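Here are my notes on the model you sent round. I've kept them to numbered points so you can check each one on screen.

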There are 2 protein chains.
Amino acid sequence: MISVVILGAGNVATHLFKAFNKAGNVVVKQWYNRSLKPIVTYKNEVEVIDDLSTLKNADVYIIAVSDDAIAELSEQLPFENKLVVHTSGGVGVYDIDKKLKRGVFYPLQTFSKDAEMDFKNVPICIETIDKKDYHILKALAISIGSPTKKVNSDQRSVLHLAAVFVNNFTNQLYRIGHEITESEGAEFDLLKPLIFETAKKAQYISPYMAQTGPAKRNDKKTIKKHLKILKNEQHKAIYKLLTKSIQFTHGTFKGQ
Amino acid sequence: MISVVILGAGNVATHLFKAFNKAGNVVVKQWYNRSLKPIVTYKNEVEVIDDLSTLKNADVYIIAVSDDAIAELSEQLPFENKLVVHTSGGVGVYDIDKKLKRGVFYPLQTFSKDAEMDFKNVPICIETIDKKDYHILKALAISIGSPTKKVNSDQRSVLHLAAVFVNNFTNQLYRIGHEITESEGAEFDLLKPLIFETAKKAQYISPYMAQTGPAKRNDKKTIKKHLKILKNEQHKAIYKLLTKSIQFTHGTFKGQ
């Protein structure tokens, strides 16, 4: 049995709590947040606290708060030499106070407030300073069904950066698709199956092999037509830049 | 029973043939291609031809060839006043020779050569010059299980353009994610569940509501860190431009 304490009340904290709470070999001893309000609804399932001095002994303390708050919260912990991990892709493992045994337990996924998340679809990237701490974190990830991967800080940074491209930036392309279609009274809904299929394809074909379209085949006529339709200068700039990027990747770029 | 003839041998033609061939109330009378080679393997299921003068009578002729070849092929058809549609998002309905009854049967989806496609996930955008021709095209789409939508030329152009954003450009973001991760020996595979979840989210939450990340919250520290990691100037430019685009959308842009 692995005992954990969760610190924080955001999406990651909440999804982790639910997953650990269901897992057979994990016990969530306490759930801390500086305000009880967002976690008090769980008080029948776990001891909820807002006072760090009441923290109990546990195998792993999981800090799932905003990036900027991690260092300070770790400093405030009223103990030393216990295993404390954060869940951030973008924060160094050394940001955790050095009085502690330090690690990272980074779930590489986007969490929604309301939607359930099956942790078999949440790879956990694990980093520890002391090798000995790795195995308990791996066991913890496995207990909720997650695939795990040992990554170093550089790899984690790069995964976090790549996640911005495939999640935030991709989502912004969906948004632009939404704006463009609605501006002509066409329905964004018609694009949803295509959005889904594009992501599905990426599961088994490399993005290089999957590429199609006017940019890849340097279809100047269509590209020109598209740029003429686009009214928003920023959308035009994005169209041009990503077209160029595709053409660089596929060796079809012929200059401006 | 609706009789159709398919002209062309690419992905769209092949997927349409398979779908029609399975449908109860559609008969594919002939499959034409200027070379028999790519379609000859289907000769036990359908009459394959490479000579336009042998075309038989059918309710709908579906031209599924490359954009540039549509006009010419329609001119060469040895009949008049029959319903001929193309399947392109980017070509006008008037590109079909005016001796014919003209329409568009545009499947808004990305087709792979090998993967099966369930046409319930393929919205068919229908356009006809003569209103009377609309219903048979709608019936044809319904017979293969597709949702249908009547669109005019402007709406179709804009859907095709939006498809470039959510399919080609999104796929290029996946590609960049691939390049970035592999350059540090991190695994692109770790991003696949995130790619899938991002697309899944777009099925039920608007991209506006779904957005998260450093750009949206104007987290300058993370943005700076990411730009430092990126070595490729084009990737840097894409990062900056899409970050700015997100910030414009969400009102968090504060100038360069």
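1. Start with helix H3 of chain A, residues 134-143. Tyr134(A), Leu137(A), Leu140(A), Ala141(A) and Ser143(A) are buried there. Keep in mind that this is a predicted model. After H3(A) comes Gly145(A), which has a positive phi, near 90 degrees.

2. Now the interface. Chain A puts 90 residues into the contact, and chain B puts in 90 residues too. Between them the two chains bury about 8,500 Å², with 67% of that on carbon and sulfur atoms. If you want a place to zoom in, try Phe165(A), Val166(A) and Leu190(A): they supply 8% of the area that chain A buries against chain B, more than any other three residues.

3. On the polar side, there are 30 residue pairs in polar contact across the interface of chain A and chain B, counting pairs with both residues at pLDDT 80 or more. Which parts of chain A carry the side that touches chain B? Helices H4 (153-183), H5 (192-201), H6 (207-210), H7 (220-229) and H8 (233-249) of chain A each supply at least two residues of it. H4(A) gives the largest share, 27 residues. Sorted by class, that side of chain A has 45 nonpolar, 29 polar and 16 charged residues.

4. Last, the charges. How many salt bridges turn up across the interface of chain A and chain B? The rule finds 4. Asp68(A) forms a salt bridge with Lys221(B), where the closest N and O atoms are 3.9 Å apart. The cut-off for a salt bridge is 4 Å, so the Asp68(A)–Lys221(B) pair at 3.9 Å falls within it.

Methods: Residues numbered from 1 in each chain as written. Chains lettered and ligands numbered in written order. Predicted model: local features only at pLDDT ≥ 70, side-chain atom pairs only at ≥ 80, totals over all residues. Heavy atoms only, no water. Contact = heavy atoms within 4.5 Å. Buried area = accessible area lost by both parts, 1.4 Å probe. Salt bridge = Lys/Arg side-chain N within 4 Å of Asp/Glu carboxyl O. Polar contact = N/O pair within 3.5 Å; in protein donor to acceptor, adjacent residues only side chain to side chain. Helix = DSSP H or I, 4+ residues; strand = E, 2+ residues; numbered from the N terminus. Nonpolar A, V, L, I, M, F, W, Y, C, P; charged D, E, K, R; others polar. Buried < 20%, exposed > 50% of the residue type's maximum accessible area, 1.4 Å probe, protein only.
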